[in-house]
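Thank you for making time for this one. I would like to walk through a single chain, going from its overall form to its interior, then to its charged pairs and its surface.

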Amino acid sequence: MNKSRALYFVLFLLIIFLGIMSRKIALIPLYIGDLLYAVMIYFLVRILFTNQKSLQIIILSVSICYGIEFLQLYQAEWIVELRKTLFGRYVLGQGFLWSDILAYTFGVLFAFIMERIIFRNSNQKSA
């Protein structure tokens, strides 16, 4: 499979844009933003580790998402203040929800499937 950091980076930026837009449009359910967050993490991990096996990327991506979600249970004053900033709100989130865990799981699986489809089609075109 021909993996390109540039393509992953473009996908990463596209997902960030879609994620921000999902928070601005009231008709889009909040879980879509959480799902897109996981997709973004998957592609970020893929940018950093293009030659790793997909299972390793999935495990690392899910671990990062879950770790950030469980970190929301930590309520020290400094991190609560950080979460009040734009960066903190987007990266660290604001409150723990089990539904976010589910959205992250589906988001990473969605990204994996999307990656398979993109690279399968690109490999077929180059053959």
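Accessible areas here come from the Shrake-Rupley method with a 1.4 Å probe. With that in place, and bearing in mind that this is a predicted model, the chain exposes about 7,900 Å², of which carbon and sulfur atoms supply 71%.

Let me begin with the overall form. The secondary structure comes to 6 helices and 0 strands, and reading along the sequence therefore gives the pattern α-α-α-α-α-α. The radius of gyration is 16 Å, close to the 14 Å that the globule rule gives for 127 residues, so the chain is as compact as a globular protein of that length. If you prefer a box to a radius, the C-alpha atoms fill one of roughly 55 × 30 × 25 Å, taken along the principal axes. Of the 127 residues, 36% count as buried, and among contacts with a separation of 6 or more, 65% are between residues 24 or more positions apart.

Now to the interior. In soluble globular proteins, nonpolar side chains tend to be buried together. Here the largest nonpolar core has 24 residues, and the ones with the most contacts inside it are Tyr42 and Phe43. Helix 1, helix 2, helix 3 (54–71) and helix 6 are the elements that give two or more residues to this core, with helix 2 providing the largest share, 11 residues. Taking Tyr42 as an example, and leaving out residues up to four places away in sequence, we find that its side of the contact list holds Ile57, Ile58, Ser61, Val108, Ala111, Phe112 and Glu115.

Leu35 is also placed in helix 2, and, with the same exclusion of residues up to four places away, Leu35 touches Ala103, Phe106 and Gly107. By way of contrast in position, the C-alpha atoms of Leu35 and Lys84 are separated by 22 Å, the two residues being 49 apart along the chain.

Helix 1 offers another example in Ser22, which is buried, with a relative accessible area of 5%. Apart from neighbours within four places in sequence, Ser22 is in contact with Ile28, Ile32, Gly33 and Leu36. For the last of these, the C-alpha to C-alpha distance from Ser22 is 8.8 Å, across 14 residues of sequence.

I turn next to the charged pairs. Side chains of opposite charge can pair when their charged atoms come close. How many salt bridges does a search of the whole structure find? It finds 3, and I will take them one at a time.

In the pair of Arg23 and Asp34, the side chains meet at 3.1 Å, N to O. This pair links distant parts of the chain, with Arg23 in helix 1 and Asp34 in helix 2, 11 residues apart. Are its two members buried or exposed? Arg23 is partly exposed, at 38% relative accessible area, whereas Asp34, at 11%, counts as buried.

Another pair is Arg46 with Glu115, where the closest N and O atoms are 2.8 Å apart. Arg46 lies in helix 2 and Glu115 in helix 6 (residues 98–126), so the pair ties together parts that are 69 residues apart in sequence. Since buried means under 20% relative accessible area, Arg46 at 0% counts as buried, and Glu115 at 1% counts as buried too. You may recall that Glu115 was also among the contacts of Tyr42.

The remaining pair is Lys84 and Glu81, whose side chains meet at 3.1 Å, N to O. In this case Lys84 counts as exposed, at 56% relative accessibility, while Glu81, at 41%, counts as partly exposed.

Finally, the surface. Leu14, Phe17, Leu18, Ile20, Met21, Ile25, Leu27, Leu86 and Tyr90 make a nonpolar surface patch of about 840 Å². The elements giving two or more residues to the patch are helix 1 (5–24) and helix 5 (86–92), and the largest share, 5 residues, comes from helix 1. One member, Leu27, has its place in the loop between helix 1 and helix 2 (30–48), and Leu27 is exposed, with a relative accessible area of 81%.

To close, helix 1 gives residues both to the nonpolar core and to the nonpolar surface patch.

Conventions:
Residues are numbered from 1 along each chain as its sequence is written. This is a predicted model: local features need pLDDT of at least 70, side-chain atom pairs count only at pLDDT 80 or more; totals for chains, interfaces and linings use all residues. Side-chain values use heavy atoms; hydrogens and water are left out. Patches are made of residues with over 30% relative accessible area and no salt bridge: like charges are joined within 9 Å, nonpolar side chains (Val, Leu, Ile, Met, Phe, Trp, Tyr) within 5 Å. A salt bridge is a side-chain nitrogen of Lys or Arg within 4 Å of a carboxyl oxygen of Asp or Glu. Helices (H or I, at least four residues) and strands (E, at least two) are DSSP runs, numbered from the N terminus. Buried means under 20% relative accessible area, exposed over 50%, partly exposed in between (1.4 Å probe, protein chains only). The radius of gyration is taken over C-alpha atoms; the globule rule is 2.2 Å times the number of residues to the power 0.38. Contact means heavy atoms within 4.5 Å. A nonpolar core is a set of buried Ala, Val, Leu, Ile, Met, Phe, Trp, Tyr and Cys residues joined through side-chain atoms within 4.5 Å.
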